There are 2 protein chains.
Amino acid sequence: MKRSELEESALLQDDCLVIECDLTVIKEPLVDETVEVQVPPSNLSDNIGNLLKTGEEADVAFRVKGEVFPAHKIVLAARSPVFKAQLYGPMRDKWRHDITVEDMQPAVFKALLHFIYTDSLPSMEDLDDDGNKEMVKHLLVAADRYALERLKLMCEGIICKSLDVESVATMLALADQHQCSRLKDACVEFLVSSNRMDDVVASQGYVNLKRSCPAVLVDILERVTKSRKI
Amino acid sequence: MKRSELEESALLQDDCLVIECDLTVIKEPLVDETVEVQVPPSNLSDNIGNLLKTGEEADVAFRVKGEVFPAHKIVLAARSPVFKAQLYGPMRDKWRHDITVEDMQPAVFKALLHFIYTDSLPSMEDLDDDGNKEMVKHLLVAADRYALERLKLMCEGIICKSLDVESVATMLALADQHQCSRLKDACVEFLVSSNRMDDVVASQGYVNLKRSCPAVLVDILERVTKSRKI
């Protein structure tokens, strides 16, 4: 309230303003902190993950190079629009219980299912460094195939952190092929800011990249040339 | 290595120990932070929650006082052992698609389903303070009925924070009836540390508590008496 408004109002009597306060004193004691209830963290992913672990009540089975993976259609459909179309779309075969997956290693499909059911990557402790990198690359391809955007980003993030002269060209081709804009940006950034372009050009990945996606290379080489001039 | 072991070993020559270090200098630049991949938070509960929202591919329907709630058996079974027994146990009826739920309000069953699919409580913004308290009480009962331990703890936690002289006796009876040890402890603590036992005794909840679970009261009254003597 403005001073002028107050001075003109009826609230002011004999140049005095009376403010009345009601004060309530709550005598009830607060409940002791020792009995505060600790709610455990969400166990949704554990519960859904258990379905995969036990395979109980599975209503579909995937055959991947001889290995069989039982699964639950509704979980797959909830998580992946590609599985949804395959399992419930107009082209589905109601009575088909077995689905064969081509062009994928069983270990990769297993990791894919783990992500679908739990929203996390499986432990890759039993893989060596190279096996780990291969798995992440294949998972990125699988994530793109089944439109699992979050898994794709997780794989992109892991690959970004392990870029080196030998692998960068291969990863750039991978990123270009599977529309991974962040990984592509990281590869370009790596190449432009690296002073080892000669080593990169000598790598097998570069030879393949030049053959498969020459257009991508043009932009990069232009940028590298420009940065060297400065 | 112990000093005595070192002094006796062949590693020590002319009273000297030579330590050789290999140092590798990595010249490759780190990838710029601007291209670091941001992975969004888990969307598992959103994805599973969408199944409930859309009701797509539901394979069971619950009738609750005239209202019908479509649901997915595998999700219910993954989350609640009681639903698992009901839907997949030896006593199940394979061809029964409709299940009638007795002794529950439709709004409570709806909130229960929301928790099962998303692991969170639904928004209760449209309820007033009393309606909110009633809902939490009923949800606690439903959580106990379907063995949803985490939901039960969430409800206990909310009730603990709103205990007052009028409600504490009723909540103590509720806690006793549904084996909520934390809520029971909080109620006892409230009664013992409160100086308004006379007001509590005058409440309707106390009358009911005295009738339904007198044994619980004996312990409390003993403790109150003891604390007053001091």
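**Reading burial, extent and contact in a predicted model**

Guide: In this predicted model, 40% of the 230 residues of chain A count as buried.

Visitor: What accessible surface does chain A have, and what share belongs to carbon and sulfur atoms?

Guide: Chain A has an accessible surface of about 14,100 Å², and carbon and sulfur atoms hold 51% of it.

Visitor: What is the radius of gyration of chain A, set against a compact globule of 230 residues?

Guide: Chain A has 30 Å, whereas such a globule would be near 17 Å. Along the principal axes, the C-alpha atoms of chain A fill a box of roughly 95 × 65 × 45 Å. The secondary structure of chain A consists of twelve helices and three strands. Of the contacts in chain A with a separation of 6 or more, 62% join residues 24 or more positions apart.

Visitor: How should the interface between chain A and chain B be read?

Guide: Interface size is often expressed as the accessible area lost when the parts come together. Here chain A and chain B bury about 4,000 Å² between them, with 69% of it on carbon and sulfur atoms. Each side is listed by residue: 46 from chain A and 46 from chain B.

Visitor: How many salt bridges are there between chain A and chain B?

Guide: There are two. A:Lys84 and B:Glu56 meet through their side chains in a salt bridge, at 2.7 Å from N to O.

Visitor: Why does A:Leu17 count as partly exposed?

Guide: Its relative accessibility is 42%, and partly exposed lies between the 20% and 50% limits. A:Leu17 sits in the loop between α1 (3-8) and α2 (44-54) of chain A. With A:Met1, A:Leu11 and A:Ile19, A:Leu17 forms a nonpolar surface patch of about 490 Å² accessible area together.

Notes: Residues are numbered from 1 along each chain as its sequence is written. Chains are lettered from A and ligands numbered from 1 in the order in which they are written. This is a predicted model: local features need pLDDT of at least 70, side-chain atom pairs count only at pLDDT 80 or more; totals for chains, interfaces and linings use all residues. Side-chain values use heavy atoms; hydrogens and water are left out. Patches are made of residues with over 30% relative accessible area and no salt bridge: like charges are joined within 9 Å, nonpolar side chains (Val, Leu, Ile, Met, Phe, Trp, Tyr) within 5 Å. Accessible areas come from the Shrake-Rupley method with a 1.4 Å probe; for residues, only the protein chains shown count as cover. A salt bridge is a side-chain nitrogen of Lys or Arg within 4 Å of a carboxyl oxygen of Asp or Glu. Helices (H or I, at least four residues) and strands (E, at least two) are DSSP runs, numbered from the N terminus. Buried means under 20% relative accessible area, exposed over 50%, partly exposed in between (1.4 Å probe, protein chains only). The radius of gyration is taken over C-alpha atoms; the globule rule is 2.2 Å times the number of residues to the power 0.38. Contact means heavy atoms within 4.5 Å. Buried area is the accessible area (1.4 Å probe) that two parts lose on being put together, summed over both.
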